[in-house]
Amino acid sequence: HESRRIDNQLRGRAGRQGDPGSTKFFLSLEDNLLRIFGGDRVAGLMNAFRVEEDMPIESQMLTRSLEGAQKKVETFYYDTRKQVFEYDEVMNNQRRAIYAERRRVLEGLDLKEQVLQYAEKTMDEIVDAYVNPELPPEEWDIPNLVGKVKEFVYLLKDVTPQDMEDMTVSEMKIFLHEEVRKAYDIKENEVDQIRPGLMREAERFFILQQIDTLWREHLQTMDALRESIGLRGYGQKDPLIEYKQEGYEMFLEMMIDIRRNVVYSLFQFQPQGQTQAV
């Protein structure tokens, strides 16, 4: 067999345990193991010496050649398993991270601070997307920045570009952090007027919903990436390194989408009996 371990198992099953004995294996020169690792040369010698096809061949050299072939096959399968493990380890690391996040939500009694951190990070990302610190302030796209903020948090409808004209990037982020916290307090009061504690339930529901939905989509995307990543080898790139890098970037994008969707959903949350301000 290709594996010496299986040969040893066959030896153990052929006789009673503990009894002395010997084993003998018969292989054909057309067997895959011998054919790949030198069986053709032996077959050529047999033809040259006109040896009958059914004549058994016993040789220490042939035995050593067979053992060497088994070692090569075992090494090949070991490398294959190792590579599969390294690919799986990428997903295992991501799985541990997302499950830890989900566990914090399930065990958390008050998720308000977590949602506020989501909101602050979202505000930071909006500022970074529309403001380039390397450009002069006159070229900063403040109007579109304010418009994007209002898309996520409609309660910030009173914020204007003029409020942020003379601010640095850091001051903009601090300003938006304060405003989004005020807006969330207003939203919480509105929702809890319908039923006390309803906002806490909504926080848990929307976070878990987004984690579960986007994680399932991420798994499908990672499967597709793994199936196609082998082609990178033709471009003189290590497929495993490419898989790790792209998988990490895709995971970060998923976490960003989770944060943004949770923030948007909670500010748009309109329980029965409440109407959205226009």
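**Group meeting: a look at an all-helix chain**

Okay, let me start in the middle of things: the buried residues of α7 pack against α5, α6, α8 and α9. Keep in mind as we go that this is a predicted model.

So what is α7? This helix has 26 residues and runs 38 Å from its first C-alpha to its last, close to the 38 Å expected at 1.5 Å a residue. Its buried residues include Val169, Met172, Phe175, Leu176, Val180 and Ala183. And they're not just greasy ones, by the way: His177, Glu179, Lys187 and Glu188 are on the buried list too. If you look at how those numbers are spaced, remember that an α-helix has 3.6 residues a turn, so residues three or four places apart point the same way.

Let's zoom out for a second. The protein chain has nine helices and zero strands, so reading along the sequence you just get α after α, nine times over. There are 278 residues in the chain, and 33% of them are buried. Now for contacts with a separation of 6 or more: 70% of those are between residues 24 or more positions apart. As for the outside, the accessible surface comes to about 18500 Å², with 51% of that belonging to carbon and sulfur atoms.

Back inside. Which residues touch the most other members of the largest nonpolar core? Those are Val153 and Met164, in a core of 59 residues. Helices α4, α5, α6, α7, α8 and α9 each put in at least two residues.

Take Met164. Skipping its neighbours within four places in sequence, Met164 contacts Ile142, Leu145, Val146 and Val159, plus Met172, Phe175 and Leu176. Those last three should sound familiar, as Met172, Phe175 and Leu176 are among the buried residues of α7.

Last stop is α9, where I'd like to show you two glutamates. Glu242 sits in this helix, and so does Glu246. Is Glu242 buried or exposed? Its relative accessibility is 15%, so Glu242 counts as buried. Glu246 comes out at 23%, and therefore counts as partly exposed; the cut-off for buried is under 20%.

What do they touch, leaving out residues up to four places away in sequence? For Glu242, the contacts are Ile229, Arg232 and Lys237. Glu246 touches Leu225 and Arg232, so Arg232 turns up on both lists. One more for Glu246: its C-alpha is 9.2 Å from that of Met222, and the two are 24 residues apart along the chain.

That's my tour, thanks!

Notes. Residues numbered from 1 in each chain as written. Predicted model: local features only at pLDDT ≥ 70, side-chain atom pairs only at ≥ 80, totals over all residues. Heavy atoms only, no water. Helix = DSSP H or I, 4+ residues; strand = E, 2+ residues; numbered from the N terminus. Buried < 20%, exposed > 50% of the residue type's maximum accessible area, 1.4 Å probe, protein only. Contact = heavy atoms within 4.5 Å. Areas by Shrake-Rupley, 256 points an atom, 1.4 Å probe, with all protein chains shown as cover. Core = buried A, V, L, I, M, F, W, Y, C linked by side-chain atoms within 4.5 Å. Expected span 1.5 Å × (residues − 1).
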